[in-house]
Structures are given as structure tokens and as C-alpha cells.
Amino acid sequence: MRILVIEDDPDIALFLKSALTEEGFSLDVAMDGERGSYLARTNEYDLIILDFVLPKKDGKTICQEIRNTGNSVPIIMLTVRTEIPDKISMLHLGVDDYVTKPFSFDELVARIRTILKRPQVMINNPISFSTLTLDSQKQMAWKGKQEIYLTRKEFQLLELFMKNAGKVLSRGTIMEHVWTIDSDPFSNTIEAHVLNLRRKIDTGRQKLIHTVPGRGYKMDIKK
């Protein structure tokens, strides 16, 4: 799962990036509203955490710009405002939820997971393909009845492949969904992770992740 945090307080931004990464999410961070709005409208995210007060563009403007593009990505607003009319106004903007500053990290994670459990987002959880089963909420994967140990990136990579089984995924698509925007697109990190993942999920002669020359990778069962 990929989350965008738009927050200008460096301490909060750094804390959220570190803590949510530990929870199994991939994080991009924008430190001002202009950059945040651009990233939100040009990348695919599973959820956005948006501060209300930001330099260059405020949270209200960003939310409106995101929704005006037809993007229904879930948005959690961080705000110091506690009055009921302010909260109602945020919901009318298209915000899915809000957390009042100072906030409890455990509460924020609970709200994130609650939103991501909604049917339109988590419709196939747990998901299965061939002998593989993956539960993103429990961060667990199995091959048959045997649990597979996966690193965080391997888990996110397998989740992406399983959700898009039968489709060719380009390196750009994989980089966009599993790595962050500051990752080097020319490194061999994708190839290395795919190789390690293949070693863990392949059974005998059955290969599940196939290289499509010049195009990317595809999870499929080849007879």
C-alpha cells in the first residue's frame, strides 16, 4: 500500500514516514501544498494524509484539486480545528476522515486501516493465486499451508503481482507502486527483488512470475 503524506512540519513528516514504513506502507512525503497537490494528481496512491495548514496551497485547495480530477483516493485530514462546523466542512470537501492535532499514532493507523478495509479498496483480501495466499492486513503470505517469510518490499511486490495477475506490469508501474518517488529508476533493485521473490514462491517446475522482454513482468500460470 502506497501513502502520500503532505505535511510541512519536518518532525511530524519524518515521524510518519518512519512509523508508517514500519507498519508496512510505502511512503512519499511532500513538504508544501503545491508539491503535494502535484504528486497527488500525477501518481496513484492508496491513501493521502493531508495537513490542513500548508505553505503555497492549503489542504482545502489541495482536496478540491484532487476531487476535481475525479480521483476518489481516500484522504485523511490532519487539523487543529475541533469545532463541529469545521469538521462538517472538511467532509463536504471530500475528506474521508480527519484526525485532530496533536494526534495519537495508534489512532491514525487504526483510521488508515479502517478506510483501507472498505470494499472498493480491499475487495480481494485475502487474495489467492495458484498455491499462494496473501493477507495484507496480517502481513502474511502462504504457499499452500506453509507460511512464507517475505521482506517488506517482497510482500508489497507480491501483493502488486497477485492483484494484477495476468497483466504485464512495466518497471515504471512496479517502481511507482512499491518504491518511493526518490528511488533510482535505473538501479537493478526491481530485478533483485523479483529474483528473490521467485526463489520463495516457485514450486518445482511451476514458475509464477515471468519476464516479458521489453515490457516488464507478469504473474501467470504457463502450461
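**Exercise 1. Determine which helix gives the most to the lining of the largest cavity, and describe that lining.**

Step 1. Helix H7 gives the most, with three residues of the lining of the largest cavity. Helices here are DSSP runs of H or I with at least four residues, strands are runs of E with at least two, and both are numbered from the N terminus. The model is a predicted one, in which local features need pLDDT of at least 70 and side-chain atom pairs count only at pLDDT 80 or more, while totals for chains, interfaces and linings use all residues. Residues are numbered from 1 along each chain as its sequence is written, and side-chain values use heavy atoms, with hydrogens and water left out.

Step 2. A cavity is a set of points, on a 1 Å grid over the protein atoms alone, where a 1.4 Å probe fits but cannot get out; its lining residues have an atom within 4 Å of a point. Grid points are joined across faces, edges and corners, and the volume is the space filled by probe spheres set on the points. The count by this rule is one cavity of 30 Å³ or more, and the largest cavity holds about 90 Å³ of space.

Step 3. Helix H5 (105-116) and helix H7 (152-163) each contribute at least two lining residues. Among the residues of the lining are Met1, Phe25, Arg113, Leu116, Phe155, Gln156 and Glu159.

Step 4. Sorted by class, the lining comprises four nonpolar, five polar and three charged residues. Here Ala, Val, Leu, Ile, Met, Phe, Trp, Tyr, Cys and Pro count as nonpolar, Asp, Glu, Lys and Arg as charged, and the others, Gly among them, as polar.

**Exercise 2. State which parts of the chain are tied together by the salt bridges of Asp28 and Asp97.**

Step 1. A salt bridge is a side-chain nitrogen of Lys or Arg within 4 Å of a carboxyl oxygen of Asp or Glu. The structure holds 15 salt bridges.

Step 2. Asp28 and Arg2 meet through their side chains at 2.6 Å, N to O. Because Asp28 lies in strand E2 (residues 26-30) and Arg2 in strand E1 (residues 2-6), this pair ties together parts that are 26 residues apart in sequence. Both Asp28 and Arg2 are buried, where buried means under 20% relative accessible area, exposed over 50%, and partly exposed in between (1.4 Å probe, protein chains only).

Step 3. In the salt bridge of Asp97 with Arg111, the closest N and O atoms are 2.9 Å apart. Asp97 belongs to strand E5 and Arg111 to helix H5, so parts 14 residues apart in sequence are tied together. Asp97 is buried, at 16% relative accessible area, whereas Arg111 is partly exposed at 27%.

**Exercise 3. Establish whether the span of helix H9 agrees or disagrees with expectation, and where its buried residues lie.**

Step 1. The expected span of a helix is 1.5 Å times one less than its number of residues. For the 13 residues of H9 (residues 189-201) this gives 18 Å, and the end C-alpha atoms are 18 Å apart, which agrees.

Step 2. The buried residues of H9 are Thr189, Ile190, His193, Val194, Leu197 and Ile201. Seen down the axis of H9, these buried residues fall within an arc of 125 degrees, so they line one face of the helix. The arc is that of the directions from the helix axis to the C-beta atoms.

Step 3. An α-helix has 3.6 residues a turn, so residues three or four places apart point the same way.

Note on methods:
1 Å grid on protein atoms, 1.4 Å probe; cavity = no way out; pocket = protein on both sides within 12 Å on 5 of 7 lines; lining within 4 Å.
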